[in-house]
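Let's take a walk through this structure together. Have the sequence and the 3D view open side by side, and follow along as we go.

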Amino acid sequence: MIDGGLRILNAGLPLIVEAVPPADVLQLDWRPPGFGDPETARLGLTLDDEVTVAANKAAIERVHASRPLITGIRPAREVVPGIAEGRTLLHAGPPIEFARMCGPMRGALIGATLFEGWADDPDAALALLESGAITLDPCHHHDAVGPMAGVLAPSMPVFVAEESTGDSGRRAYSSLNEGLGKVLRFGAYDSEVLTRLAWMRDVLGPTVGAAIEAAGPIDTTSLISQALAMGDEGHNRNLASTSLLTRRLAPFIAAQAEAAQIASTLEFLAGNDHFALNISMAGAKLAMDAAVGVENSTLVTTMARNGVEFGLRVAATGTEWFTTPVGPADGLFFPGYGPEDANPDLGDSAITETLGLGGFAMAASPAITRFVGGTPDDALEATRSMRRITLAPHPAFPLPPLNFAGTPSGIDLLAVIETGELPMINTGIAHKEAGVGQIGAGIVRAPSGVFAQAVRRVAELRGVA
Amino acid sequence: MLGAGRRQLVITSDAFGLVPGGMQVRPPEFARLRRDLARRDPARGAAIHGWRPAVVEPADLRVTAIDIDSAALDLLERATTAPGAIGAFDPSRQRAEASALARAARDGADVADTLLRLIGAGPGSTPAGDDVVAGVLAGLRAAGLSEAAAELGARVLPLLGRTTAASTHYLEAAATGRFADRVHALVAGLRSARSAPAAIRAAATFGASSGTDLLAGIVAGARITPAIRKSA
Amino acid sequence: MTSLNSRVFPRLYRDSVALMAIASSTEARDGVDRVGAVMATPANIAILDESAMLPTGLTAAPDDLVIVVRGDTDEIVAEALDAAEAALTSVESARRNEDRPAATIGEGIQAMAAEDSDRPATMAAISIPGTYAAVVAERALRDGLHVFCFSDNVPVEDEIRVKGLARERRLLHMGPDCGTAIIDGVPLGFANVVRRGTVGIVAASGTGAQEVSRLLDLAGAGISQLIGVGGRDLSAEVDGLMTDLALDLLEDDADTGVIAIVSKPPAGPVADRLLARLAAIAQKGTPTIACFLGAEDTDGEVTVRGTLEGGAIAAAAAAGHPLQVDAASGLPTTAPPGRVLGLYTGGTLASEAKLLLKRGGVTDAEVLDLGDDEYTAGKPHPMIDPEARATRIAAAGSDAGVGILLLDLVIGYGASPDPATPVVEAIGAARAAAAADGRELLVIGSVCGTPADPQGLDRQRGLLEGAGVVLTPTNAAAARLAATLHTTGARA
């Protein structure tokens, strides 16, 4: 009566199928879907139909067709939409008022206010920020991304990423990485920080920008793809991509006039293993933005944290944020620090995971797993587990340790709900006090709450809630 | 965002003691970490995701000059003949080089050949020769010969590519004067005839031969001191 | 001339104590001369060389573990290295991640296809908490799988939705709360090993279907399919959604020559529609039997029977294998005074007993369905764990008002591996308690099982008979005997 004979998937008690030949039974390791909420599970299932499948196919094709090029470095005020209007500063993550912001973000905004010359001292800057005289807005609302506090000011130089394929005209921006130690993105704003920012504005930005223009656009997909084959994962390890970038640009930097600038620029690039992170982020932002607004698609387009809340955006719901309070990252701390020192998870850098890099590409980077206490086997397993919740392997990001299978790319909200597998994000851990800096690193999972909210909203839009 | 490149963080429980550049956690936490690492729960990916260590206190792991008791030294020396051979590899061969290495270090003589024979040599995942060298470095410092120890340490560093990653980690720290808790436990045995037996018992429990190899080095280094106190 | 060989284990660390154990056990092998188990540092390579233990062509790095063996022959050395490797990797494989087990229906489908692409998954068996059962069932149906849903507490609106979907796709959705099915000869859930035959059963009752199917086995008729549809399928709300599909499938099934439905009496309009459908099927030449527990027996285009026994007899006759349920000889003709207490593990069997006791004029009988939620209270079903019933049987001995104990014993897949033994022990205790009080206890019962069941029908019957249990061929016969003895044979 059953075509093909009885071949049973067993969800639940093995007793039920004890009379069935064992070769014809596959016992499922079943867990409650919808994070243990039957209503969420039901909505997820209801939405999982031909309409969603077709929309997701279209959305992921757009993302995978994106080929971002870094065409140069420009002052933010010249290129980032809206940043030059009045006094505007951008920050990481979903929207948040100054009063609720975490220490590092407040510190970074104070630093940026001083850097712009809008205040003469930190107290005055704080008063100005508290007064509301400065517009604060997420980077993501201005086609931009920034790591950690992610604070972007009009005078800062930004990488310009442009779409090279048919969908031209789209752009994305990211700040330039300051390196480790006392830096603005961890909330430090003393003279050392401001001096470096000024140097980046006056020397690094123009010098590297000119080199890029001379060398020709940097293809971020190709850069990251090469780096994945050299042990990077595109988020927490950027040694290979930074080295490749530096190698590419060094002759063009050297061809410039002033020896002092050449030396200081190359020295900075040599000492900053994370310089190319911001390029990876700008590329990922541009690629993910290709899917924003694809009707009925449950593809996740943004994951970002502001140090208080985790924010999620989904293609079908466009620019709407789903947020939930975020805890500190769990992970390993540098000697002398512990979880009580940690700031809640912070930064736009999870845009890399949204595309399929970082935690999703762990297989490429055994060095990362080793640092967080795992093994190369764990790295492979981490990447494999993300296949459960993604739409397709990224065709341009093959992972050598997985026989060159593409990195799992494009998180499907519905798959997260069905499997309960939460996106894995590699992250640095910031000290909760402004300016102390990085105190550890680890792996965090996106919180389940945002996915439950998102599925409810998508179901409302589809009229199936 | 991992700081200065690759770092090995050695996590231990009080049964092993603190090691330089590592952290020691309470036994229940350690058990949990070890279980998680062994299990590598696929559902959660990272082996130690979710770990929240309690308050972290930094510890000073330097070995400094102490009063060395001659009777204790004799007791400890006798214990260094304990066997620890693994198959064809007998650590007594590396232990036998300890005295010569300590003397050469004190006299500023050439230690290159001796170190080449010792680093990475012998049984164990921290080869016996490495334990001997680490012991000599600790013994010299306990004897107050910190300059000789630093000098010897500087000779050790370039040879670290010749041994295992675990050993490299310990020896790198030892070269700059920092030693694992268990080394401190052995050094403490030098203080008096009464403290020696505990150190000897402890040495016997470190790996198959590591403890005894360390002890051989410590004794050799400590013997060099100009001022050994005669037991009363 | 000796042989020397080595094996390298890249980046493998082992506790030196473990290495020592492996080295010494390897060295202890016959014909092995020396063993080296060390990290492949330059110094150790040099030592190996000096001691004539360095095989030619050994390449390794300081973090690699190398095991070197010198022995009498190549074979001895190779075997010694194999043994050492096995000892090393036995620790390793215990720690290695297994492949992630499939967790969802989608992953299960992929995994099964990966196993054998010609034989994909065809059915999902679901026994997870009822709040999720419909979600998983719906996913399975959408992916083209039939569903066997054992879970209970599934909201009725979910049942209607998923059964509607199943109907649309012409897939079975057996259940929710489906205890029994036998599909293409394979028992699912609680089911007896019934010979293949021509009777197709559609059942809205678990043990009712077991009793009918095992009696068909006894008759020699056997069954083609036993399709469970869940206890609510013939309710007014669900309206026989799955019964309809099951009948379609049985009509198309070449092996099915007789169709029987086993259920409580359906809701009025549902019953009318169903009987009309069965009549239409009968007109096309397939005899149909409606076994509606408690209904009046009627013979027409559709044979209606009000007991399981009656349904089985009618179906067996229609299949050409008449069922003989003649009363066994040597049945008691008298019984001790006192009321009839029925302690049942099978719900439909309990209902049938109740019905027949009532029909037999017994008004004070007490029949408990110990599988009901009221009695299980979160504990395993008494068919799986017989202890709860055993306790009640033993306690009945101390109840001066009880004269006749009426029992069922359900064996087959899903049921306890030896349900008779705890019953026998409890009966012993009950009789002892009654005797101490100067009373007797008569125990009457039947075994719902077939000779092919894993527990062994003869063995289970033998145990009960050994304990003095009066066994009848059917549950109905047991109830009738109890009624007769209670009403006419009670000793003063």
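In which loop of chain C is the place of Gly330(C)? Please keep in mind from the start that the model you are looking at is a predicted one. Gly330(C) sits in the loop that lies between α10 (308-318) and β14 (339-344) of chain C. Within 10 Å it has 7 other C-beta atoms, and because a residue with 12 or fewer counts as exposed, Gly330(C) is exposed. If you look for a partner distant in sequence, try Val470(C): 140 residues separate it from Gly330(C) along the chain, while the C-alpha atoms of the two are 9.5 Å apart in space.

Next, let's turn to where chain C meets chain A. Here 41 residues of chain C are in contact with 35 residues of chain A. On the chain C side, at least two residues each come from α4 (105-115), β4 (123-126), α5 (130-142) and β8 (186-189). The biggest share belongs to α5(C), which gives six residues, the most of any to this side. Sorted by class, the residues of chain C that touch chain A are 24 nonpolar, ten polar and seven charged.

Strands also take part in linking these two chains. Strand β1 of chain A, residues 8-11, is joined to β4(C) by four bridges, and the two strands run parallel. To find the pairing in your viewer, start from Asn10(A), which stands opposite Ala125(C) in β4(C).

Now let's stay with chain A. It contains 15 helices and 18 strands. Of its 465 residues, 60% are buried. Among contacts in chain A with a separation of 6 or more, 71% are between residues 24 or more positions apart.

One pair of helices in chain A is worth a visit: how do α7(A) and α10(A) cross? The axes of α7 (residues 220-228) and α10 (residues 277-289) of chain A come within 10 Å and cross at roughly 125°. Because that angle falls outside the ranges for roughly parallel, roughly perpendicular and roughly antiparallel, α7(A) is oblique to α10(A). The crossing of α7(A) and α10(A) is left-handed.

Finally, zoom in on the side chains of this helix pair. From α7(A), Thr220(A), Thr221(A), Leu223(A) and Ile224(A) meet Ile279(A), Ser280(A), Ala282(A) and Gly283(A) of α10(A). The contact of α7(A) with α10(A) has four nonpolar and four polar residues, with no charged ones.

Key:
Residues numbered from 1 in each chain as written. Chains lettered and ligands numbered in written order. Predicted model: local features only at pLDDT ≥ 70, side-chain atom pairs only at ≥ 80, totals over all residues. Buried ≥ 20, exposed ≤ 12 C-beta atoms within 10 Å, placed from the backbone. Contact = placed C-beta atoms within 7 Å. Nonpolar A, V, L, I, M, F, W, Y, C, P; charged D, E, K, R; others polar. Pairing = 2+ DSSP bridges. Axes fitted to C-alpha atoms, helices over the stretch in contact; angles between N-to-C directions. Parallel < 35°, antiparallel > 145°, perpendicular 65-115°, else oblique. Left-handed = near helix turned anticlockwise from the far one by under 90°.
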